[in-house]
Amino acid sequence: MSRFFHGGLSDSESSSSDEEELYSEEEESEEEESSEEEESAEGGDSDEDSDEEGGSRFLRGAESDDSDEDDDKRIVKSAKDKRQEEIEGMIKAIENAQKINDWVTISAEFDKLNRAVTKTSLGTSAPKVYIKAIAELEEFMNDTIKDKVAAKKMNAANARALNAIKQKVKRNNRTYETEIEAFRKDKDGFMVVEEVLESVQVPKKGPKSPLQNVAPENDDDDGFSTVGRGGKTLSYTPESIFKHLRVIIESRGKKNTDRGEQIRVMEKLLEVAQTSYQKIKVLLALISTRFDLTTGSQSYMSVEQWKAAEKEFNVLINTLEASSQFVVVESAEEWDDEERPPQPEEGEIFKVPGSIVSIVDRLDDELTRSLQHIDPHTTEYIERLSDEGTLYTSILRSQLYLERLHSKQGIPSDESLNRVIMRRLDHVYFKPEQVITTGEDKAWKAIPKTLDSIISPRSKATGPASELLHVLCTYLYQHDATVLRTRAMLCHIYHYALHNQFYKARDMLLMSHLQETIHVADVSTQILYNRTLVQVGLCAFRAGLIYEAQTAMQEICGTGRLKELLAQGVQIQRYMQVTPEQERLERQRQLPFHQHINLELLECAYLTCSMLLEIPALAATGSSPDVRKRVISKTFRRMLEYHERQIFTGPPENTRDHVMQAAKALAAGEWKKSSELIHAIKIWDLLPDPQKIKDMLSEKIQEEGLRTYLFTYAPFYDTLSLDRLTEMFDLPNRKVAALVSKMIAHEEIAAALDQVNNAIIFRKGVELSRLQTLALTLADKASGLTEMNERYLEQKTQGQGGFQEGGAQRGGTRGRGRGRGRGGRGGREGDREGGQRPQKNVQFQQQSGFHGGAMKT
C-alpha cells in the first residue's frame, strides 16, 4: 500500500509536458511545498504528535520496510527545472519532425514551445537553447521554401502548416532579433556563455514568493505602472510606437479584443509621438479604431467618440499640411522597417497608406445615423445637428488638401475629390440660400487664411448660394461619369426648384433624360430623384402652374407610398410580407428629420391641383361612357367618391376634408364657399408669402368655376351674356372673354363668341347623342380586336415569308384606331414591323403629361 502511494507521488512530480502546461503557478508552488514536507518527514527530526504526522510516519515506515532503494533514487525537481526539461523536449520533437519534413508537428510544437518560454522567461531573457532552436528552425524553413520540387510534393495539410509557420516564425523572431544575430555570429561561444553563467548561479534560499513574475515597481508618484500581457511593464517611448501599433493592428477584427484599451494606448502613443510620420500613423490607426467601436446597423457612434474622431481628423489634416513631404493615399505600400522610420529628403514625397475621403465618409455617415436614431422633437436632436457645421468645415478642409495633392504635388486624386465635393453638395442642396451663405462663411473663417480653393474660391463664399451650387455641380459634370454626376444634377435641379426657378429646373430635368434611366440607379439615387420631382411640383404650384404641378407630383403622390418613396418613414402595406432584413435596410435609408419635405403640405398641394383639374373634367364628360378613361387623378377620384357616399358630412377636420368639401362646392357652382374652404387650410402658412398663394388659389378657383359652369349648363343655353358671367364669378370682362375663347379654340364647347353683343352663342345639334357615342365606341373596340387578331396570326405563322411581309405591309398602312393619350380621338400607327410605335416624350404640355417618378423596390 505504501508503495502505491509512493508511486503516485513520483508520477505527479514527473508528469508529461502536456499536463504541465495546464498547471498554474499556484499548483506548482503547492507541489514544491509538498515535496519539502516529504523531505523533512524523511529526516525524522520532527517530534510533533499530530494525526497527520502519525499517518505519515506509518506510511514512511512501510516504505522503508518494503524498499529502501526507491528512496535513494527519488529526485525532487523545482518548477524551473521541469520547465527547462519541457522546453528541451519540445525542441527535440521539432528536430525530429524536421528530419521527416513533418510541418504539422513542427507548427504544433512551435506554438507549445512559445507558450512555455513565455511562462519561464517572465522578467528575464529567453533561454539560449530557445534562441538556438528558433534560429535553426528559420534557416531550415528558408531552405525548404527554396526547394521548389520538395514543396510541390507536400500534401495539403503539410503545405498549409508550412505557410502558417512561415508567418509565425517571422513575427516571433522579430522580438529576438538581437539574440539571433549574436548566435549566428558565434554559435559555440553563444552557448558556452550560458553554461558558464548557469554554473556560477547560486540558488536563492527562502520561500518562493507568488508575486515573483510581476513587473518591477515603477518610481511613479502613485507607485503603480501599466502591466501588459505576460506581466511585462509597458513603456511608451517614441522608439516603441511602431511596435505597439503593429500589435494593435494585428489584433484588429479578432474576438475578445478590448478596443477601449487600444484607444487609450494609442492616445498615449500620440502624446509621445515626435515626428510627423509617427503622428500620421498613430492618428490613422486611432481614428479607424474609434470607428470600430460601432458594431451593427442598429447602433450609432457615441457623441464623445465622434467628436474625438473629428478632432483627431483635423489634427491629421494640420499635420499633413505642415509636413508636405508626407501624403496619405490609398495606393501606397506599407513601410515594413519599424527600426528605421522613413526620412524623405527635401522635395521627395513619401506616400503613407490611408484614405482621407473614407474618414470623411464615415464621419458623415455616423452623424446621419445618429440623427436617424435620435427623437427629432427633443433638444438632443438640435444639439446633435449643431455638429454638422464642424463636419462641413472638415469636408471643406479635406477638399483643399486633395486639391493641393492634385495641383501642386501631381498626385492623381480625381475620384476622391469628386466624392468629397458630392458630400459637400449633400449638405447644402436642400437648404435655403441664407442658411448656405451663413454656413459657408463660418466654415471659411475656421480655415487658415493662407488656404484657398481652386474649384470654389474663398471669395465666392459670400456670394449667392446658386453660384456655389453651380460651380460644384459643373465640376462634377466635367470630371465624373459615374452616379455622382447624376446625383449632382438632381441636387442642382432641387436647388433651383427650392428657390422658385421652375423653368430652369424643368428644362434641366427634361434635357437630362433621367426619367428614362432612373429605374436602374441605386435606391438612394432613386430617392433623391423622387424628392427632386416632388420639389419641382411644389415650385410649379407656388408659381400658379396647376397642370404642371399636378403632373409632376402625380407619380409620387398617387401611389399611396409617399413616405416610402421619399424615405421619410417605413410604410407597411396591407397583405405585404416584409422580411426583417428588408425592414432593416428600409430604416437605414431614412433621411434625417431636418431634410424631410412636409407630407401634409405635399398632399394638400396635390389634392388642390387635382381638384382644379378634375372638377371641370367631370363636368365636361357628364354621363359619357368614356368618363373612366379620362381620369386625371385616381387618388382624388377615389377620395371624392368615398366622400359622396357618406350619409352625413360634418364640418371639415383635416386637410383632406377641406379639399373634398371645396371640390363639392366647386362642382355645384359655389366658388366662394370653395375658396373659403381652401383658405381655411392652415398648412398654407408653411409656404413663403402664404397670402400670395391664397390669392392665386382664389383666382384659379374662379376660373375653374367658370369653366365648370359652362360645361354643365351649355346644353341649356342658346346665348349667354359675358356680363352675366363677369357678375357671377367676379372676374374682369377681358379675363372671361379670354377663357371662353380658349375653350372654343380647344373645341371644349360648341359655341361662338359674339363680340358685338358681348355674348356667347351656343350651337345646337353638334353634340353626339348617346346612341352615336356607343356606336363609335363599338367601332373602336372592333377595330382593336381585329388588329389583335392579326398580331396573333402573325405570331402563329412566323417563318412564312410571303404572309409575314403582307402582314407587315398591312400593319404599316393601317391607321385607324383610338388615340391612347389625353389628346382625344386620332389614328394610331401600326406597331408591327411596318409601323413602329413612336417613343413617348416627357414634356410639360397639355397633351402629354409630365411622366416620371422612381418606383423604389
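Select R174, which is partly exposed at a relative accessible area of 47%; partly exposed lies between buried, under 20% relative accessible area, and exposed, over 50% (1.4 Å probe, protein chains only). The model is predicted: local features need pLDDT of at least 70, side-chain atom pairs count only at pLDDT 80 or more, and totals for chains, interfaces and linings use all residues. Residues are numbered from 1 along each chain as its sequence is written, and side-chain values use heavy atoms, with hydrogens and water left out.

R174 sits in the loop between α10 (156–173) and α11 (177–185). Helices (H or I, at least four residues) and strands (E, at least two) are DSSP runs, numbered from the N terminus.

Add K170, R171 and K254 to the selection: together with R174 they form a positive surface patch. Patch residues have over 30% relative accessible area and no salt bridge, and like charges are joined within 9 Å. A salt bridge here is a side-chain nitrogen of Lys or Arg within 4 Å of a carboxyl oxygen of Asp or Glu. Each charge is placed at NZ of Lys or CZ of Arg.

Next, select strand β1 (residues 326–329). F326 and V328 point one way from β1, V327 and V329 point the other way, and all are buried. In a regular strand the side chains alternate between the two faces of the sheet.

Extend the selection to strand β2 (residues 350–353), which runs parallel to β1 and is joined to β1 by four bridges. Two strands pair if DSSP finds at least two bridges between them. Which residue of β2 is the bridge partner of V328? The partner is V352.

Move to D689, in the loop between α33 (671–679) and α34 (690–713). D689 has a positive phi, near 55°, and is not a glycine. Most residues other than glycine have a negative phi. D689 counts as partly exposed, at 47% relative accessibility.

Now select strands β4 (residues 751–754) and β5, which run antiparallel and are joined by four bridges. L753 stands opposite I760 in β5. The hairpin of β4 and β5 has four residues between the strands. One residue to pick in the loop between β4 and β5 is N758, where phi is again positive, near 55°, in a residue other than glycine.

Finish with strand β3 (residues 719–721), which pairs with β5 (residues 759–762) in the antiparallel sense over three bridges. To see the register, select T719, which stands opposite I761 in β5.

Technical notes: Patches are made of residues with over 30% relative accessible area and no salt bridge: like charges are joined within 9 Å, nonpolar side chains (Val, Leu, Ile, Met, Phe, Trp, Tyr) within 5 Å. Accessible areas come from the Shrake-Rupley method with a 1.4 Å probe; for residues, only the protein chains shown count as cover. Lys and Arg count as positive and Asp and Glu as negative; His and the chain ends are not counted.
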